[in-house]
Amino acid sequence: MAVLPLLLCLLPLAPASSPPQPASPSPCPRRCRCQTQSLPLSVLCPGAGLLFVPPSLDRRAAELRLADNFIATVRRRDLANMTGLLHLSLSRNTIRHVAAGAFSDLRALRALHLDGNRLTSLGEGQLRGLVNLRHLILSNNQLAALAAGALDDCAETLEDLDLSYNNLEQLPWEALGRLGNVNTLGLDHNLLASVPAGAFSRLHKLARLDMTSNRLTTIPPDPLFSRLPLLARPRGSPASALVLAFGGNPLHCNCELVWLRRLAREDDLEACASPPALGGRYFWAVGEEEFVCEPPVVTHRSPPLAVPAGRPAALRCRAVGDPEPRVRWVSPQGRLLGNSSRARAFPNGTLELLVTEPGDGGIFTCIAANAAGEATAAVELTVGPPPPPQLANSTSCDPPRDGEPDALTPPSAASASASAKAAEAGPPTDRGVQVTEHGATAALIQWPDQRPIPGIRMYQIQYNSSADDILVYRMIPAESSSFLLTDLASGRTYDLCVLAVYEDSATGLTATRPVGCNRFSTEPALRPCGAPHAPFLGGTMIIALGGVIVASVLVFIFVLLMRYKVHGGQPPGKTKASAPVSSVCSQTNGALGPMPAPPAPEPSAPRAHTVVQLDCEPWGPSHEPMGP
């Protein structure tokens, strides 16, 4: 029992256990400044010449600044386990690639600065895990593509998105429309050519929208713009005002922008780029009555078309207007046609039926519509029975006609009947515009005098053929009432309209008034018969020249063989003799005398010789060898 009091006395003397010590901080990277004495921890490495993210970062840091370095890649392990990081700056580096999931551990990150780098695209996995991100700065990169799901993880928290100074031609507008908390949206200095209607209708907290210096020709009305007052500059504006900037765009000032002109704004530098009458004028200095549109006019449509069943058919319809009309097609049964398994509708107004059936025949209606109205035209399609199988192709040659093929002649009865039949199904023909004479490549156009129209400046002729989609314009002086077209193609049907360009006394603007339209067909080109083809003539000459060369070579070889036989199978000058020669036979050209006798050769066996008649002379005292 005496031991127990002794133990109780010794207990207070035992050393108390020390609390656990915090982990020692990681060493500060070279050339960086680290704040580790108090919270929040920060690592500051601006302009340190870094080529990559330092591996010895303190993973407890709340702020990491790596701007103005030479970092080219952000890898998955560079920022791993930095779950408390709130601010990350990678501005003005040379970053070309961000690995998928590189920021997946930064679930507390509030601000990410990637501006001034060389990013060309942003995929769906590169911003994964940023569920609390509020500020995303991607300006001054080379972005040309932004994935639709790139902003999914931060769509509900993002307040500031800057995509300015990039190469964006398209944007995932549906994804941008889900940024319900965004306050500032910077899209300036890109290559955007259009904005879909209602793209910003769900951005109820949007306070500043910058679309300066793009390629926008028009800005569609949006419910957001009608709910909030618009001011050009933020100073003096209420907190709920929306600041909209759209200067530096090639605005087309027509009736589609009247809604924007009617809004109260301070003076700004937006200007009109077109139409020509308003080009260069300040947007806010143009009166509302000058923002006008022109209703569509159908300038070309296919003539009556007949195809056998099972073959494709292309129906064409072209229209002009301001703004550019949209062309749609309606079937003979009254159905609106579009892209399907049997038909394709193109933006240029062409409807292609891939495989025709007997029930497809009838009157197709082309509808051209814009903000100022609509115009219609009918195209007749006849679907006949399928063609019989062809066993062999036959060719025919049209007989030549009398007269020049390009000479202008009055329309014949047959061509006039065909033109009249085509005009019945074509656009309405105004008898004021007449095609008095036409040939294979030329036509003479005449129209009545339009002097009753005050202030007329000139006439404009528009025409195109049924075989192409090119609309040709000709400007004619105001005092003219006829014009000779000389650039036509033979055997084609043309749609032609004449418009009078005049100055409207009420508005002082340039306007147009149709004088009339007409449809005509040029004469078919003559097909020559019996003329030899150039390839045939060239082949014949080559064969003849080759024959001459071969014959010359054979004659040359024959002559060489004959000379060889004459000299007994030996080259000339080396012929052997079978007996001593008492006479010298020589062949001369009349310039030299007798030659001395050659030395006697050795005896040899007799052999047959070819007898040749030569000029022989006896050798004697009277025939002395020639001296030197």
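Guide: On a 1 Å grid over the protein atoms alone, a cavity is a set of points where a 1.4 Å probe fits but cannot get out, and lining residues have an atom within 4 Å of a point. The model is predicted, so local features need pLDDT of at least 70 and side-chain atom pairs pLDDT 80 or more, while totals for chains, interfaces and linings use all residues. Residues are numbered from 1 along each chain as its sequence is written, and side-chain values use heavy atoms, without hydrogens or water.

Visitor: Which residues line the second largest cavity?
Guide: The structure holds 2 cavities of 30 Å³ or more. The second largest has a volume of about 30 Å³, where volume is the space filled by probe spheres set on grid points joined across faces, edges and corners. Its lining is V195, P196, A197, G198, F200, I219, P220, P221, D222 and F225.

Visitor: How many helices and strands are there in the protein?
Guide: Both kinds of element are DSSP runs, numbered from the N terminus: helices are H or I with at least four residues, strands are E with at least two. On that basis the protein has 6 helices and 36 strands.

Visitor: What share of the residues counts as buried?
Guide: Buried means under 20% relative accessible area, exposed over 50%, and partly exposed in between, with a 1.4 Å probe and protein chains only. The protein has 628 residues. The buried share is 36%.

Visitor: What share of contacts between residues at least 6 apart joins residues at least 24 apart in sequence?
Guide: A contact means heavy atoms within 4.5 Å. Counting pairs at least 6 apart in sequence, the share that joins residues at least 24 apart is 58%.

Visitor: Which element gives the largest share of the largest nonpolar core?
Guide: A nonpolar core is a set of buried Ala, Val, Leu, Ile, Met, Phe, Trp, Tyr and Cys residues joined through side-chain atoms within 4.5 Å. The largest has 77 residues, with the most contacts inside it made by L88, F103, L112 and F200. Two or more residues each come from α2 (173-176), α3 (223-227), β15 and α4 (258-261). The largest share, 3 residues, comes from α4.

Visitor: Which residues does L112 touch?
Guide: L112 is among the core residues with the most contacts inside the core. Leaving out residues up to four places away in sequence, L112 touches L88, F103, L127, L130, L133, H135, L136 and I137.

Visitor: Why is the pair of F246 and F283 edge-to-face?
Guide: Rings of Phe, Tyr and Trp (its six-membered ring) pair if their centres lie within 6.5 Å; planes under 30 degrees apart are stacked, over 60 edge-to-face, the rest tilted. By this rule there are 8 aromatic pairs. The centres of F246 and F283 are 5.9 Å apart, and the pair is edge-to-face because the planes stand at 85 degrees.

Visitor: Where in the chain do F246 and F283 lie?
Guide: F246 is buried at 0% relative accessibility, and F283 is also at 0%. They are 37 residues apart. F246 sits in the loop between β15 (242-245) and β16 (251-252), and F283 in the loop between β17 (272-274) and β18 (294-301).

Visitor: Which residues do ring pairs link into a cluster?
Guide: F283 also pairs edge-to-face with W284, at 4.9 Å centre to centre and 85 degrees between the planes. Both of these residues are buried. The cluster consists of F246, F283, W284 and F291.

Visitor: Over the face of which residue does R513 lie?
Guide: A charge sits over a ring if NZ of Lys or CZ of Arg is within 6 Å of the ring centre and within 35 degrees of the ring normal. R513 is 5.3 Å from a ring centre. The ring belongs to Y502.

Visitor: Which element gives the largest share of the lining of the second largest pocket?
Guide: A pocket is an open set of grid points with protein on both sides within 12 Å along at least five of seven lines. The second largest has a volume of about 1200 Å³. Its lining has 41 residues, and E294, G321, L499, A511 and T512 lie nearest the centre. The largest share, 6 residues, comes from β34.

Visitor: Where is P323 found?
Guide: Most peptide bonds are trans. The bond from D322 to P323 is cis, with omega near 5 degrees. P323 is in the loop between β21 and β22 (326-330).

Visitor: Is N81 buried or exposed?
Guide: N81 has a positive phi of about 65 degrees, although it is not a glycine. N81 lies in the loop between β4 (73-74) and β5 (87-89). At a relative accessible area of 56%, N81 is exposed.
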